[in-house]
Amino acid sequence: MNLISGQLPWESTLPNPPAYPSLGGDIACDCLIVGGGMGGAMTAYRLSLSGADTVLIDKRAIGSGSSHANTGLLQIANDKSLTSCINTFGEEQGVLFYKLCQRALGKILELPDQMDMDPLIIPRSTLLYASTPEDVPALRQEYETLTAHGFDAEFWDTDKVRAHYAFSKPAALYSRGDAETNPFRTVHSLISKAHSGGVNIFEHTKARHYEFSAEGVTCYTDNGRIFAKYVIFAMGYETQEMKKDRGAELINTYAIMTRPLKNLPKWHEQSLIWETARPYLYFRTTHDGRIIAGGKDEQLTGPQQREARVLSQSQRLLEELGALFPEIKGVEAEFSWGGVFGTSRDGLPFIGPHPDYPHCYFIEGYGGNGTVYSMIAAELLADTLAGKYRPELELFSLTRTTKPSPAPSVQT
């Protein structure tokens, strides 16, 4: 699957990334990870800490799939609000999902002190603004839901938004505890640390087919076999080439990164910014004074059509950026790209086992919070492989219903 179109910005921030060999013979391990993007990198690092004998393979170079097109916004809040999660799954499960995201983000913020290579993970606040006046009641309801369950959030009216930003909006939610990152550096820092911790890494090693037995899984590649007790498939959206997920959809999304600005516009704390409209626009800064803007999601097309759309969609993103921050109107994009993006009908990722694939687990980070989901998956699956029961996996089950309903409340 061709995942990315256009010109991506991240390679220039790490011009000589670590390189790894291709598999050149048979090897055995406790756990094989298939995929060297964010999900595979997080899991490889986590398994290296637990001492599991682990192998990771990628058919490309490390970090050159969907993670390469990642725009690096890391948030506790999700595409699906906490209020909507509670309405869909019930209070206990809805709050659990948001608490898992909160804990995962906390662990991500600890990574810079654990890595040998700086992943450029920077703590940030977030502003979620009401796109229209009609969105304000739902935004206020979300504020009340978040604060009722212990999440850090403030409701800002028009005057307060205008006092902190160069734009005015009907209302906004302001929150702390989020972050931004350079996804390419983050993947490479995690993989490098996992490698130094004993994980065998093989690039340009494509899995051709698998054989499943009572003892585990045999993975056949062009130049050797991998005998694994367990396999974790962390192939991102390409997993759909292997199996179809009910309630999952692939679309096209687009992003730009500007040239460095001498002065950023009035932008409180260089917070992450997004909106209540769906599909939504989002904005962030970088450590070197650039601005990233993304969105303009549309129906999935072939790579050639997506490539042709990058130019027009990037121009539309520049116009949106100029409308939000008039003082930088006319700023140029140095990088413009498009990529495949996955969503799920119920707003949750898919993490865990599948009945058709014995001894196997999947990480499929559908939605706009894939890096946070990758950390959740790494923690849950590492514990599971170590024999610890993690009931949270039920929330992300690959065989869950596509039409969830809240469980009835229990009277006590």
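The largest cavity is lined by Arg 246, Gly 247, Ser 344, Arg 345, Asp 346, Phe 350, Leu 398, Arg 400, Thr 401 and Thr 402. This cavity belongs to a predicted model. Its volume is about 70 Å³. A search of the whole structure found 1 cavity of 30 Å³ or more. By class, the lining of the largest cavity holds 2 nonpolar, 4 polar and 4 charged residues.

Open space was examined as well. The second largest pocket encloses about 480 Å³. Its lining is made of 28 residues. Nearest the centre of this pocket lie Ser 81, Leu 128, Leu 139, Glu 142 and Leu 173. The lining comprises 12 nonpolar, 8 polar and 8 charged residues. Several elements supply at least two lining residues each: helix 2 (82–89), helix 3 (91–110), strand 5 (122–129), helix 4 (136–148) and strand 7 (171–180). Strand 7 gives the largest share, with 5 residues.

Strand 10 was followed next, together with its two partners. Strand 10 spans residues 217–221. It is mostly covered, since 4 of its 5 residues are buried. On one side, strand 10 pairs with strand 9 (residues 207–212). The two run antiparallel and are joined by 5 bridges. Within this pair, Glu 211 stands opposite Thr 218 of strand 10. Strands 9 and 10 form a hairpin, with 4 residues between them. Gly 216 sits in that turn and has a positive phi of about 155°.

Strand 10 also pairs with strand 11 (residues 224–233). Here too the strands run antiparallel, with 5 bridges joining them. Tyr 220 stands opposite Arg 225 in strand 11. The link between strand 10 and strand 11 is a hairpin through 2 residues. In a regular strand, side chains alternate between the two faces of the sheet.

Arg 225 leads on to the salt bridges. A search of the whole structure found 24 of them. Side chains of opposite charge can pair when their charged atoms come close. Arg 225 forms a salt bridge with Asp 26, and the closest N and O atoms are 2.7 Å apart. Arg 225 lies in strand 11, while Asp 26 lies in the loop between strand 1 (4–6) and strand 2 (27–34), so the pair ties together parts that are 199 residues apart in sequence. Both partners are partly exposed: Arg 225 has a relative accessible area of 32%, and Asp 26 has one of 44%.

A further salt bridge joins Glu 379 to Arg 46, with the closest N and O atoms 3.2 Å apart. Glu 379 lies in helix 8 (residues 370–385) and Arg 46 in helix 1 (residues 38–50), so this pair ties together parts that are 333 residues apart in sequence. Glu 379 counts as buried because its relative accessibility is 19%, and the cut-off for buried is under 20%. Arg 46 is also buried, with a relative accessible area of 16%. The two residues belong to a network of salt bridges that links Arg 46, Glu 379, Asp 383, Arg 390 and Glu 392.

Strands 5 and 7, already met in the pocket lining, are also joined by a charged pair. Arg 124 forms a salt bridge with Glu 180, the closest N and O atoms being 3.1 Å apart. Arg 124 is in strand 5 and Glu 180 is in strand 7, so the pair links distant parts of the chain, 56 residues apart. Arg 124 is buried, with a relative accessible area of 14%. Glu 180 is buried as well, with a relative accessible area of 1%.

Some backbone features fall in loops. Glu 269 has a positive phi of about 55°, although it is not a glycine. Glu 269 is found in the loop between strand 12 (248–258) and strand 13. This residue is partly exposed, at 41% relative accessible area. Gln 270 lies in the loop between strand 12 and strand 13. Its phi is near 50°, again a positive value in a residue other than glycine. Gln 270 counts as partly exposed at 25% relative accessibility.

A cis peptide bond was found from Arg 278 to Pro 279, with omega near -5°. Pro 279 lies in the loop between strand 13 (272–275) and strand 14 (282–285).

Technical notes: Residues numbered from 1 in each chain as written. Predicted model: local features only at pLDDT ≥ 70, side-chain atom pairs only at ≥ 80, totals over all residues. Heavy atoms only, no water. 1 Å grid on protein atoms, 1.4 Å probe; cavity = no way out; pocket = protein on both sides within 12 Å on 5 of 7 lines; lining within 4 Å. Points joined across faces, edges and corners; volume = space filled by probe spheres on them. Nonpolar A, V, L, I, M, F, W, Y, C, P; charged D, E, K, R; others polar. Buried < 20%, exposed > 50% of the residue type's maximum accessible area, 1.4 Å probe, protein only. Pairing = 2+ DSSP bridges. Salt bridge = Lys/Arg side-chain N within 4 Å of Asp/Glu carboxyl O.
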